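Here are some short exercises to work through with the structure in view. Try each task yourself, then follow the solution step by step.

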Amino acid sequence: MKLNTRKTAVAAFVGAALLCSPIIASAQETQETEAESEKEAKRDVELILVTGSFVRRSENFESPSPLAVVDSVAIDSIGAKNIADITQTLTINSGAENNPDAFTQNATAGTSNINLRGLGVASTLVMLNSRRQVVNSQQTNEGLNFVDTSSLVPMIAIDRVEIIKDGASALYGSDAVAGVVNFITKRNYEGAKITADYQDGAHGDNSEYVLQGLWGTSSDRGNVMAAVSYTSRDPLFLSDRRLSRPQDDSSNLGNPGSYFGVPGIPPGVPVIDPTGCAEFGGNANIAATVPYPGFGSLDLGTCQFDFGPGYSYVPEESRLNIFVKSDFELTDTITWATEFGMARNRAERGGAPSFPNLRGPIVPATHPDNPFGTAVQFLGRAEGNGFEADPANTESETFRFNTSLTGELESGFWEISYTNAKNEFLFSVEDVLNTEFNLALAGFGGANCDPSSPASVPGQGSCEYFNPFATSFTTSPNSQYVIDSFSADQVIDSESKLQVFEGFASFDVFEMGGGFAGLAVGMQYREEELSQDYDQLSNQDSFSFVIGNPDFSGTLDVWAAFAEMALPVNDQLDVQLALRYENYGGSIGDTIDPKVAFNYRFSDDLSLRGSISTSFRAPSIFMRNGGATSLQQLTDSVVQGNAFAAVRTVGNEDLTPEESTAYNFGLTFEPFKDLSIEVDYWNFEFEDLIIQESAQALLNQNPTDTSRIIRAGDPLTGPVLQVNNTFVNASSLETDGLDFVASYKVETEIGTFVPNISATYVLGYDLNDPQAGQVDGVGRRNFTNIGVSSPELRANLGLTWRKDAYSANLFVRYISSYDDDQNCADGSIISQGCGSAGLKEIDSHVTFDAQFNVDLSALIDTQTSYLLTVGGINLTDENPPQVFTNSGFDSKVHDPRGRQIYARLAVEF
């Protein structure tokens, strides 16, 4: 395909005039010829597609929607090793899950995602070269399936990232509620490039290296490009950098543990193991001490276990990512393009030696180590202090294939494409089997013990007792044989598939004052599939903590038709009109979503833009048909403390789609040369928002609801073990704020300096939670409701310097303080409110990043390019602000790693 060379309107008009000048004819013929040439020149200007439109525009076109572009130079300047490093620094990204600790990413360690405006990781459409990617088949704790950016494409292949910051469902469909992030790879690359990165952290053994390669070649009719990357990352454990207090990571269910049902003690009141607690590493949380025959006295309460040290802030990871792209001109007007991508990711995160046992196992009176002489209920776990932590493992395989045909028309183009993508995700974690554990307490433990055989005698031969008491640390230890008999892996094998057939045509329809009006019309068919296959033991609800789940599968078929008009009304005003119809069938139904946007240029220095659109997000397959159990820290007003509990979620087939309206108004101002200022006001309003009920809000609303809140011992007053929830349509959510971007280039004798700033200020984050009620969530952590952490201000200040073979970058990153609605200002846990003390404040946070680059090839005068980069992230090794919660910081806002020093060598042939 012969694409026209990009050129400005002035250059096009000059070229046309020169072509016309030799022609000698009548004045009328000359005018007609000039008019026709002017039309052709205007057509020549519309040559490229930008994210947010299906109509080709000039490369100088100003989008009526707020469009942010992060090019490869900017990506390199922040020292990004992966896509998460890019998105985590964006001030418009809030609440993404890129720090894979067990408390926010229970089963998705090794993944990363994007959360524009804090509207949910499933509300931003992530595309590769303007086409959809399959979602990760393992959902988040909140039950959301998202595009895993860790499996998208090698960093070395990325040319730029284009971000539409307002709603784009009218163009791209329901997933583009909060906006679009489009990763665009290099085009027509020729040559070869190799990069090697090494990064080392200030704490523990947290280091990583990244090796990447890029190759491309071109012929007269096409181009082929291939990229590969390999990442190896060592873990960072809480024990390497303890940000939390021991009580923040403590569970009431430990080993040594506590016991219900002790004679003479009120029902539902636990007794701390009288054979030991603190001397074996436990924390005796004593509510009262009472005299008791045979023991002198008994401590009422729980023997807490600090599970923190075994967990990891950063998992051990390996990633392999391959991307191949080819373009071939079948004819002078038709091009065939094909893309293939593959990602293979492995991650292992730390955990506890064993999970709490939520099934209330009974220690019989006949147990030889039972000091009570009567049957009691064990409140604890099989393994606690002194045992090695059991890891959780994830394996992710992602495949993506796309092929397309693009044809040139006399005044436009057409395109048809097909995408087929799949993600396979395997999650495994060890837990205790409920039946087998109870058999071991009764003396029938061991793989070779047959409790149904009359010859089997408790505690004899191949049958052993499991000792849950503290004497297991001294006089009556447990054998590995008996522990192995009740230990097994829960394995969840998940798969998601995506097929997309799409076609559209874009062409000029009539001429207006500012050029030719463009019309694009198209259709799309999407088929989404999701399934989760649990192991047989999980199907039988055999585990004592993760319990289990039935298998499920589901499909979603979507038909869509869309249209867009680009109207250059005059040289000052451009208008965009878009409309999309989507049909999901069944109870979900269909929707029509429009968008109107404009850009008005008052002068060469000042332009105003605005947009308004509606969006529609259907409930996902998992939300309707799935189910899962996650681990969460909860604050329990009944026992006046924190609980590390299971949250079991089931799907809801009665969900209705959520609807939203988004509008944006902004301006671009260039008061003088090399100074650019952009300001945007944005607003999103949601109705019937689809959310997973907040387990904390359920516990706060009715802590004695026995259908939702499962407790140990007394069902009304015992420690909380499990919360049951589902997905519902919440009433509403509205958020609005301001984006500010500015840069200024200064030429001096010692080099070129470019100071710049990007900032987002959240004005409002108001939500109506089904349990928590009306919430003003801006400037809050939103732990007790369905929202995400919402600091009011995020800002990045940068300074770039370049001279000859040298360049440097300096960044100052600021996140404002916000309130912690889990803890009071005096350090106590919120149970019935904080009174006059108010909420605890999470401190503001400032970090400094720096980078220095040397173009070695310019110094040694060689044809091969050698670029050496050294830099640091969080150079002053600032701790993330402390939060009195699991792991000790807010993982959706801050980075726990501390100072990171890195070096990179890039060689290009």
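A residue counts as buried under 20% relative accessible area, as exposed over 50%, and as partly exposed in between. Keep in mind that this is a predicted model.

**Exercise 1.** Decide whether D861 is buried or exposed, and describe its backbone.

*Solution.* Step 1: find D861 in the loop between α11 (856-860) and β42 (865-873). Step 2: the relative accessibility of D861 is 72%, so D861 counts as exposed. Step 3: look at the backbone, where D861 has a phi near 55°, a positive value in a residue other than glycine. Step 4: now turn to D877, in the loop between β42 and β43 (900-908). D877 is not a glycine either, and its phi is positive too, at about 55°.

**Exercise 2.** Work out whether E383 is buried or exposed, and list what surrounds it.

*Solution.* Step 1: E383 sits in the loop between β19 (376-379) and β20 (392-409). Step 2: with a relative accessibility of 9%, E383 counts as buried because the cut-off for that class is under 20%. Step 3: leaving out residues up to four places away in sequence, E383 touches N255, P353, S354, D390 and I483. Step 4: compare sequence with space: E383 and P468 are 85 residues apart along the chain, and their C-alpha atoms are 8.7 Å apart.

**Exercise 3.** Which kind of peptide bond joins N255 and P256?

*Solution.* Step 1: N255 is one of the residues that E383 touches. Step 2: check omega between N255 and P256, which is about 5°; the bond is cis. Step 3: place P256 in the loop between β10 (250-251) and β11 (258-260).

**Exercise 4.** How many cavities of 30 Å³ or more are there, and what lines the largest cavity?

*Solution.* Step 1: the count is 17 cavities of 30 Å³ or more. Step 2: the largest cavity holds about 950 Å³ of space. Step 3: its lining has 48 residues, and E142, N785, G787, V788 and K892 are the closest to its centre. Step 4: β28 (627-636), β31 (675-692) and α10 (695-701) each give two or more residues to this lining, and β31 gives the most, with 5. Step 5: sorted by type, the lining of the largest cavity has 19 nonpolar, 20 polar and 9 charged residues.

**Exercise 5.** Describe the second largest cavity.

*Solution.* Step 1: the volume of the second largest cavity is about 680 Å³. Step 2: 35 residues line it, with Q88, T89, I873, D895 and R897 nearest its centre. Step 3: the lining of the second largest cavity divides into 10 nonpolar, 16 polar and 9 charged residues.

How values were computed. Residues numbered from 1 in each chain as written. Predicted model: local features only at pLDDT ≥ 70, side-chain atom pairs only at ≥ 80, totals over all residues. Heavy atoms only, no water. 1 Å grid on protein atoms, 1.4 Å probe; cavity = no way out; pocket = protein on both sides within 12 Å on 5 of 7 lines; lining within 4 Å. Points joined across faces, edges and corners; volume = space filled by probe spheres on them. Helix = DSSP H or I, 4+ residues; strand = E, 2+ residues; numbered from the N terminus. Nonpolar A, V, L, I, M, F, W, Y, C, P; charged D, E, K, R; others polar. Buried < 20%, exposed > 50% of the residue type's maximum accessible area, 1.4 Å probe, protein only. Contact = heavy atoms within 4.5 Å.
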